[in-house]
Amino acid sequence: MNRPYLLEYPSSSKRRSASLPDWCQYPFAKAEETECLDFGSSAIVCQRLNLGPFHIELFELRTERAFTMHYRLESAQHFLFFMLKGSADFRTPEGFFISHARQGHFSMSHNAAGQYPVTLPPGEHTALNICIKESWMSFMAQDQPGILDYLDTVSARGLPCTILPYCRMGLRVRRWMEKVHSGLSNGIGSTEASLRLLIARTIEWYGILLRERKQEPAYIVKEFVDAHFRQPGLSYKTVSGHLGLAERSMRNQFKSEFNISIWAYCISLRVQTAHELMKANGLLAGEVFDLVGYSDESSLRYHMRKFRL
């Protein structure tokens, strides 16, 4: 089966099963490949299918402790990701923050080639991931300003990861996802044609939700920090003062949305940018610390050690 990415698990001591466990809630009759793994304290089911311009993968995980796995990409990919149940934290290969996926939310993202860790807390988790070919994504974006901006950002910034805000699925998207599951389970009608239509509708609706989402305080703060993290005097007080937000409320909303504090996110941006500058241009920490918001080299080195760089 042609797969755009490979999953790598934390332990080689796992038991495989040829049949779906009783707790699997989303069986795909059309699945081309099914993987059922038991790690003792954790169990995971992955069902996969290539259909037209899409690679579809549905994950169901039950775990008694925090579970970390990796997905490895040999080439850049676009994703439409739905967190149906539970939550997940995504990071770059170096451990920098990418996103926090919450139950009932979905998002679009782009990943460059590399190995990316995903951590899920104890509990039950279900996620639907749709990998979309570049050609179909470009076609769909022609009359979608939000998606066009996303593709332009991917092209211009050249970062390992570009992710748009997570939006609440709501009843409309849930109904579309139920139709997707119904088609994949029962093979009613032309599954590929139906899937193209449903995903097109989902992306169009996502573009509408995106404009509203970007006006929420947590995303206003994130956009401000993304633009100003290189300023040495950046602090909670300066951010809240500039944006006209109550500091405590601002910090709580950001933490609730992204599962990371504003300050930890700022440090992640600074260290990631410094690391990329050093790697791309053969520079030393002493030559880049003031370019990424630090007032001295030792502070940058301290935080780089925190990320094991």
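This section describes the overall dimensions of a predicted model, followed by one pair of helices, a further helix and two buried residues.

The chain is built from 10 helices and 14 strands. Its C-alpha trace extends over about 60 × 45 × 40 Å along the principal axes. For a compact globule of 309 residues, a radius of gyration near 19 Å would be expected; the value for the chain is 20 Å, which agrees. Of the 309 residues, 48% are buried. Among contacts with a separation of 6 or more, 71% join residues 24 or more positions apart in the chain.

Two packed helices are described by the angle between their axes and the distance between the axes. For helix α5, formed by residues 217-228, and helix α6, formed by residues 236-243, the axes come within 11 Å and the crossing angle is roughly 115°. The crossing of α5 past α6 is right-handed. On the α5 side the contact involves I220, V221 and F224, which meet V239, H242 and L243 of α6. Sorted by class, this contact comprises 5 nonpolar residues, 1 polar residue and no charged residues.

Helix α5 also contains K222. The relative accessible area of K222 is 18%, and this residue is therefore buried, the limit being under 20%. When residues up to four places away in sequence are not counted, K222 touches F254, F258 and Y265. One of these, Y265, falls within the range of helix α8, which covers residues 262-281.

The length of α8 was compared with the expected value. At 1.5 Å a residue, its 20 residues should span 28 Å, and the end C-alpha atoms lie 29 Å apart, which agrees. The residue that follows α8 is G282, and the phi of G282 is positive, near 65°.

A second buried position is found in a strand. Y71 is part of strand β6, which runs over residues 67-73. With a relative accessibility of 11%, Y71 falls under the 20% limit and so counts as buried. Apart from neighbours within four places in sequence, the contacts of Y71 are with Y5, L6, L7, F90, N111, G114, Q115, Y116 and V118. The separation between Y71 and N129 is 58 residues in sequence, while their C-alpha atoms are 12 Å apart in space.

Notes:
Residues numbered from 1 in each chain as written. Predicted model: local features only at pLDDT ≥ 70, side-chain atom pairs only at ≥ 80, totals over all residues. Heavy atoms only, no water. Axes fitted to C-alpha atoms, helices over the stretch in contact; angles between N-to-C directions. Helix = DSSP H or I, 4+ residues; strand = E, 2+ residues; numbered from the N terminus. Left-handed = near helix turned anticlockwise from the far one by under 90°. Contact = heavy atoms within 4.5 Å. Nonpolar A, V, L, I, M, F, W, Y, C, P; charged D, E, K, R; others polar. Expected span 1.5 Å × (residues − 1). Rg over C-alpha atoms; globule rule 2.2 N^0.38 Å. Buried < 20%, exposed > 50% of the residue type's maximum accessible area, 1.4 Å probe, protein only.
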